[in-house]
Amino acid sequence: GGCFVVEVAPEGKPGFTSFCYPGSLPGHTFAATRAGLAQTINNVRIREPRPGVPRMILARAVLDAASLDDALALLRDTPRASGFHHTIGGTDTSHGVRLYSVEATAARCSIEPIRAASGHANHLIHAGCEGEAQIVTDSSRDRQARLAQLLPMHAAQPDGAAFVDVLHD
């Protein structure tokens, strides 16, 4: 009963709608913007934070981006204090629909296009993350392993109801 949906229309920015937890900034969960962007977030527990922009503020800043390319540049180029995984997608007339998995941590930013059914739990999985100290809970490891089992069964014929079943598994 404490969560809510907020609609934000800042002057000079595209504006957005976001789900919010009490005490969190919009963009910390999932959101869609009037610039055609959508973003979802997964927490990643890195062990070595650095001086930089906190992850919740960076996730909120993405919602002011005028384009997907601007949002990706913001995630890539901003010095980050901690880490989040962003699933971020957008549409524009020159590129069509594009979707990316972005692991943005204090140490690195990995941006991978999503071309097939995929999932991301609460730990780093992109190539190159092996050297980054992180906390991987049993729950996160188990969910990622289960996604690896379930998603290939649905990749050939994507079906909305089947993907909801995966989420309920």
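These legends describe close-up views of a predicted model.

**View 1. Three aromatic residues, F19, Y21 and F30, form one cluster.**
The structure holds 2 aromatic pairs. The rings of F19 and Y21 are edge-to-face, because their planes stand at 85°, and an angle over 60 degrees counts as edge-to-face. Their centres are 5.6 Å apart. F19 also pairs with F30, and this pair is stacked. Here the centres lie 5.3 Å apart, with 5° between the planes. The F19–F30 pair links distant parts of the chain. F19 sits in strand β2 (residues 16-20), and F30 sits in strand β3 (residues 30-33). The two residues are 11 residues apart.

**View 2. How exposed are F19, Y21 and F30?**
F19 has a relative accessible area of 23%, so it is partly exposed. Y21 is partly exposed too, at 39%. F30 has 47% relative accessibility and also counts as partly exposed. The reasoning is short: partly exposed covers the range between buried, under 20%, and exposed, over 50%.

**View 3. The largest nonpolar core has 12 residues.**
Its members are L37, L58, V62, A65, L68, A71, L72, L75, I88, Y100, V102 and A104. Three elements each supply at least two residues of this core: α1, α2 (68-77) and β7 (96-104). Which element gives the most to this core? It is α2, with 4 residues. In soluble globular proteins, nonpolar side chains tend to be buried together. Another core lies apart from this one. It has 5 residues, among them V44, I46, A106 and L124.

**View 4. L75 is a buried residue of helix α2.**
L75 has a relative accessible area of 0%, so it is buried. L75 is also a member of the largest nonpolar core. Leaving out residues up to four places away in sequence, L75 touches L58, V62, R80, H86, V102, A104 and C109. Among these partners, L58, V62, V102 and A104 belong to the largest nonpolar core. For a sense of distance, take L75 and D64. They are 11 residues apart in sequence and 12 Å apart in space, C-alpha to C-alpha.

**View 5. A104 belongs to the largest nonpolar core and also lines the largest cavity.**
Neighbours within four places in sequence are set aside here. A104 is then in contact with L75, R80, S82, G83, F84, H86 and C109. Among these partners, R80, S82, G83, F84 and H86 also line the largest cavity.

**View 6. A search of the whole structure finds 1 cavity of 30 Å³ or more.**
This cavity has a volume of about 40 Å³. Its lining is made by V53, R55, L58, R80, S82, G83, F84, H86 and A104. Two elements, α1 (55-62) and β6 (84-92), give two or more residues to the lining. What classes of residue make up this lining? There are 4 nonpolar, 3 polar and 2 charged residues.

**View 7. The largest pocket has a volume of about 800 Å³.**
Its lining counts 28 residues. S118, G119, H120, L147 and L167 lie nearest its centre. Several elements give two or more residues to the lining: β4 (37-43), β6, β7, β8 (109-113), α3 (138-155) and α4 (160-168). The largest share, 7 residues, comes from α3. By class, the lining has 14 nonpolar, 10 polar and 4 charged residues.

**View 8. The second largest pocket holds about 200 Å³ of space.**
Y21, H28, T29, F30, T40, I41, N42, N43, F84 and N122 line this pocket. Y21 and F30 also belong to the aromatic cluster. F84 lines the largest cavity as well. Strand β4 provides the largest share of the pocket lining, 4 residues. The lining divides into 4 nonpolar, 6 polar and no charged residues.

**View 9. E132 is found in the loop between β8 and β9 (134-135).**
Is E132 buried or exposed? Its relative accessible area is 12%, so E132 is buried; the cut-off for buried is under 20%. Not counting residues up to four places away in sequence, E132 touches I46, T105, A106, A107, R108 and L124. Among these partners, I46, A106 and L124 belong to the core of 5 residues.

Key: Residues numbered from 1 in each chain as written. Predicted model: local features only at pLDDT ≥ 70, side-chain atom pairs only at ≥ 80, totals over all residues. Heavy atoms only, no water. 1 Å grid on protein atoms, 1.4 Å probe; cavity = no way out; pocket = protein on both sides within 12 Å on 5 of 7 lines; lining within 4 Å. Points joined across faces, edges and corners; volume = space filled by probe spheres on them. Nonpolar A, V, L, I, M, F, W, Y, C, P; charged D, E, K, R; others polar. Phe/Tyr/Trp six-rings, centres within 6.5 Å; stacked < 30°, edge-to-face > 60°. Buried < 20%, exposed > 50% of the residue type's maximum accessible area, 1.4 Å probe, protein only. Core = buried A, V, L, I, M, F, W, Y, C linked by side-chain atoms within 4.5 Å. Contact = heavy atoms within 4.5 Å.
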